[in-house]
Amino acid sequence: MKKYILSLLAFGLVAVSYGQVVQARVLKVDPMNMEKLGKAIAQKTKLYNNKEGAARFFTFQILTGNQANNFYRVQWAQDISDFDKAVNKEELDYWWKTTGKLHESLANRIWTVNSDATYQPEEARTGNHRRVLHYKLIPGKERDFWRYRTRLKAALKASGWPSRVGVMNCQSGCNGRWVQIRYHHESFAGEAKDNQEMFPVVVAKYNEMYGEEAYKDDSDRLAQSVSDSWTQHQKLRPEMSSNW
């Protein structure tokens, strides 16, 4: 074990804890078929994915970027081994019969929730709006990235940040070490209010906890630890998502 830990340090890696896992893909759809596909997904989810023990799906409409106006379909599981379970043939047949000609499935990836960096308040404010950040980590510089993310989690908690901030590592399907950060808000207006009114409080708490100018120093180091990054906004479509 000691030898293993030393190896991690030598390569600049940081041991992190993982929790739930998701399998996510983009459903590319012609604008003319958006409404029809949405209704088909909603009906399929209602029939097969709205009771405990069934596969659990969430669907988001992509609002910005080169994938805008497509859907982001996510299957949640407690463990990656859950994806070994036999697929419900009736459910799968229904999916392809009703949606198969209406979309193209792209960018199928598996993401694991990073519990060390994910912030979940005890009474999280609900909202359907997501600001999603994507970062590609530079090998050997992961330590700087995770220093900021784990410290920010602590500062969010100490400041009483009202909404979930989910952090996920790409485990399969990504070219490189990609991380996804999902900030939950009520709306674009709610996002602006959180960032203008609440986030300065988080920064002040961060500096109080870790030293003067710690936030600036750590965020600068984070910027130098990534080779690529981009932001996307998404909107949860509850009628197309599991309700459990």
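**Aromatic contacts and pockets**

Tyr206 and Tyr215 are both buried (under 20% relative accessible area with a 1.4 Å probe, protein chains only). The model is predicted, with local features requiring pLDDT of at least 70 and side-chain atom pairs pLDDT 80 or more, whereas totals for chains, interfaces and linings use all residues. Residues are numbered from 1 along each chain as its sequence is written, and side-chain values rest on heavy atoms, without hydrogens and water.

Rings of Phe, Tyr and Trp (its six-membered ring) are taken to pair if their centres lie within 6.5 Å, and planes over 60 degrees apart count as edge-to-face. Nine aromatic pairs result from this rule. In one of them, Phe145 and Trp146 meet edge-to-face, at 4.9 Å between centres and 85 degrees between planes. Phe145 is buried at 0% relative accessibility, and Trp146 is likewise buried at 6%. The pair of Tyr206 and Tyr215 is also edge-to-face, because the ring centres are 5.3 Å apart and the planes stand at 90 degrees. Both residues belong to a cluster linked by ring pairs, which further contains Tyr148, Trp161, Phe199 and Tyr210.

Charges also sit over rings (CZ of Arg or NZ of Lys within 6 Å of the ring centre and within 35 degrees of the ring normal). The charged end of Arg56 lies over the ring of Trp244, 5.0 Å from its centre, and that of Arg182 over the ring of Phe60, 4.8 Å from its centre.

Note on methods: Rings of Phe, Tyr and Trp (its six-membered ring) pair if their centres lie within 6.5 Å; planes under 30 degrees apart count as stacked, over 60 as edge-to-face and the rest as tilted. Buried means under 20% relative accessible area, exposed over 50%, partly exposed in between (1.4 Å probe, protein chains only).
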